[in-house]
Amino acid sequence: MLLYKLPLPLFNLVNVWILYSAGFAGLLVLKRKLKLSLVSFTILFLLFNFNGNILAHYSVGHTTWGGYFLFPWFVWLVFRLLEGDRSWLWTALMAILLFIIWLQGSFHQFVWLVILLAAIAIFIPKTFWTILKTGLITCLVCAFRILPAILAYGSYKQSFINGYPSLYSIWDALANVPNPLGNTFFIDNMLGGGFGDWELACFVGLLGAIFLIYYGIYRGLLHRQSPYRSLLIPLGIIFLLTLGSIFKLVIALPIPLIQGERVSSRMISVVLVFGIVLAAERFQRWLESAPQRPLSLAGCLFGLGIIGFDLWQDFTIWRVSNRPLIFWNFFNPANWTVKNQLSDSIYIWLVAGGLSVSVLTIVLLGILSWREHPEVHPAIKKAAVVLLHAFVGWGILAAILAFGRKDLAVSSVLIIQLIAAPILFAGIAWIYYSYFGVTTPLQTALFFMGVVMFMHVSVLVFFARNGVNLYLKPVTIWIAFGLVFVVTYLEGRIIQRRAIGKDALLHP
């Protein structure tokens with residue numbers, strides 16, 4: 001929908017906003033699960049979003065790296081798996097998450113996460129059957145991507161490029177800001193050659209590197225009291241694959257998907273994210289047991305300032321706006337075209353068949369998860385009832401806009417919609433509160449206004465002619481949104497008070 005209307009540069013920006021927001025929501029979920037304080041969460045937030053790895057890749061033009069922002073959700077699901085979750089809901093969430101990452105274009109991130117899941121299944125045996133089941137289901141969910149690619153299997157030859165040449169090079173990448181203007185990184189032919197320092201960058205600063213090593217590796221993976229110590233070997237395997245030419249031996253195996261990797265140093269981002277999350281969790285437990293809490297908190301704030309300053313220094317050098325100044329432009333749009341061969345019936349049938357398999361599998365996962373968790377049925381039914389009323393109201397408003405624009409000016413249609421919105425939703429709210437009323441007036445008002453705003457902005461803006469200008473300029477449409485909220489809320493409060501009064505008369 002975004003690509004349908006937005007020019008490519010603006011699409012990339014908006015897409016990053018969406019993925020960043022999804023990633024921030026994932027960080028909030030981890031904050032709640034790990035019971036992080038504001039200090040620990042701030043460290044997690046800064047190191048995850050502003051480390052040198054993701055910044056350097058975006059700066060060099062790797063816009064398909066957006067799947068990185070969904071890593072917190074993957075970490076959350078892995079933690080739930082280790083804590084004993086073997087449900088169909090877990091399988092559904094993991095399969096759909098991997099599918100979304102791949103749809104985002106983050107093929108590399110998809111492969112890395114699958115490799116980590118395979119390592120967890122092998123070295124944490126109690127998770128084997130759950131991960132095996134999830135892997136098979138994921139293939140079915142991703143059939144939309146996998147089946148068309150079968151036509152090209154075996155015809156694409158990938159050459160290995162590089163991994164980190166040594167452990168010290170990883171420490172150097174963590175503690176020192178890489179210079180994008182420096183010499184291209186080349187190492188021995190037996191190990192491979194590198195494109196540039198962006199393939200090695202994972203800067204977090206000196207204090208951030210010490211924080212990761214002590215709290216993330218020592219306290220988070222090596223210490224006996226760590227709750228997620230079982231991840232030591234699986235994450236260690238991913239770490240080893242980033243070194244030298246070790247991964248070159250792996251891609252020599254006839255394993256689909258894995259052969260698409262050629263720069264093994266990139267996989268460090270998976271280890272980095274897990275290390276950041278584990279370090280934040282262990283640091284929080286230390287904070288809770290610190291004897292001199294005020295003094296410890298003051299020291300933490302001082303260290304947080306140093307980490308923030310280091311990350312800012314890296315950002316000033318690798319910021320995306322500097323890209324035209326420090327990188328060559330090797331992409332010429334005139335040399336790249338998309339040739340749609342609609343006569344290629346085999347490919348089209350594979351796309352259609354893969355899409356059918358993906359949709360049916362997702363529906364089946366929903367049914368299995370629904371049957372497995374009957375306790376959530378009442379909440380889902382309540383949400384379905386209130387959303388149904390909201391969608392009916394939005395549908396009528398959309399019809400007014402669609403049919404009115406054929407004969408009237410846009411300004412006139414918007415005024416009609418402004419008048420109709422509060423009257424329409426007053427009637428819908430009365431029906432809802434009188435016969436259902438499963439949510440509070442505030443919740444109902446937020447639901448109604450949220451659905452109308454989302455559907456207007458996401459559907460009508462992108463599919464109506466000049467839809468973006470339609471909602472950026474006139475203030476009447478935004479007043480209509482506000483009136484939907486006010487009318488729904490006030491009517492709910494009035495009906496609620498009347499119900500309380502009647503109850504008081506019947507039961508004095």
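What is the mean pLDDT of the chain, and what share of its residues reach 70 or more? Colour by confidence before anything else, since this is a predicted model. The mean comes out at 83, with 87% of the residues at 70 or more.

**Stop 1: the confidence extremes**

Select helix α5, residues 71-82: among the elements of the chain, α5 has the highest mean pLDDT, 96. Then jump to helix α21, residues 467-472, where the mean pLDDT is the lowest of the elements, at 51. While the colouring is on, pick residues 182-194 too. The pLDDT is below 50 over that stretch, yet in the model the stretch has 31 contacts beyond near neighbours in sequence.

**Stop 2: the whole chain**

Switch to cartoon and zoom out. You have 22 helices and zero strands on screen. Of the 508 residues, 44% are buried. Turn on the surface if you like: the accessible area is about 26700 Å², and carbon and sulfur atoms own 70% of that. As for how the chain connects to itself, take the contacts between residues at least 6 apart in sequence; 78% of these join residues at least 24 apart.

**Stop 3: α8 against α17**

Now select residues 128-141 (α8) and 345-372 (α17). How do you describe two packed helices? By the angle between their axes and the distance between the axes. Here the axes come within 7 Å and cross at roughly 135 degrees, so α8 and α17 are oblique to each other. Show side chains at the contact: on the α8 side you get Ile137, Leu140 and Val141, and they meet Val357, Ser358, Thr361, Ile362 and Leu365 of α17. Sorted by class, that makes six nonpolar residues, two polar ones and no charged ones.

**Stop 4: Thr91, next door**

Keep Ile137 and Leu365 displayed and add Thr91, which touches both of them. Thr91 sits in helix α6, residues 88-103. Is Thr91 buried or exposed? Its relative accessibility is 0%, so Thr91 counts as buried. Leaving aside residues up to four places away in sequence, Thr91 also touches Thr130, Lys133 and Thr134.

**Stop 5: Trp349, also in α17**

Go back to α17 and select Trp349. This residue counts as exposed because its relative accessibility is 65%. Draw a C-alpha distance from Trp349 to Pro148: you should get 8.6 Å, for a pair 201 residues apart in sequence.

**Stop 6: Pro165 and α10**

Select Pro165, in the loop between α9 (143-149) and α10 (167-175). With 35% relative accessibility, Pro165 counts as partly exposed. Another C-alpha distance to draw runs from Pro165 to Leu243, which gives 6.1 Å across a gap of 78 residues along the chain.

Then move on into α10 itself. Which residues of α10 are buried? They are Ser169, Ile170, Ala173, Leu174 and Ala175. To see what covers them, bring up α11 (206-222), α12 (232-241) and α14 (268-289), which are included in that cover.

**Last stop: Lys35**

Finish in the loop between α2 (8-34) and α3 (38-50), where you'll find Lys35. Check its backbone torsions: phi is near 55 degrees, a positive value in a residue other than glycine. Lys35 has 63% relative accessibility and therefore counts as exposed.

How values were computed
Residues numbered from 1 in each chain as written. Predicted model: local features only at pLDDT ≥ 70, side-chain atom pairs only at ≥ 80, totals over all residues. Heavy atoms only, no water. Axes fitted to C-alpha atoms, helices over the stretch in contact; angles between N-to-C directions. Helix = DSSP H or I, 4+ residues; strand = E, 2+ residues; numbered from the N terminus. Parallel < 35°, antiparallel > 145°, perpendicular 65-115°, else oblique. Contact = heavy atoms within 4.5 Å. Nonpolar A, V, L, I, M, F, W, Y, C, P; charged D, E, K, R; others polar. Buried < 20%, exposed > 50% of the residue type's maximum accessible area, 1.4 Å probe, protein only. Areas by Shrake-Rupley, 256 points an atom, 1.4 Å probe, with all protein chains shown as cover. pLDDT = per-residue confidence, 0-100.
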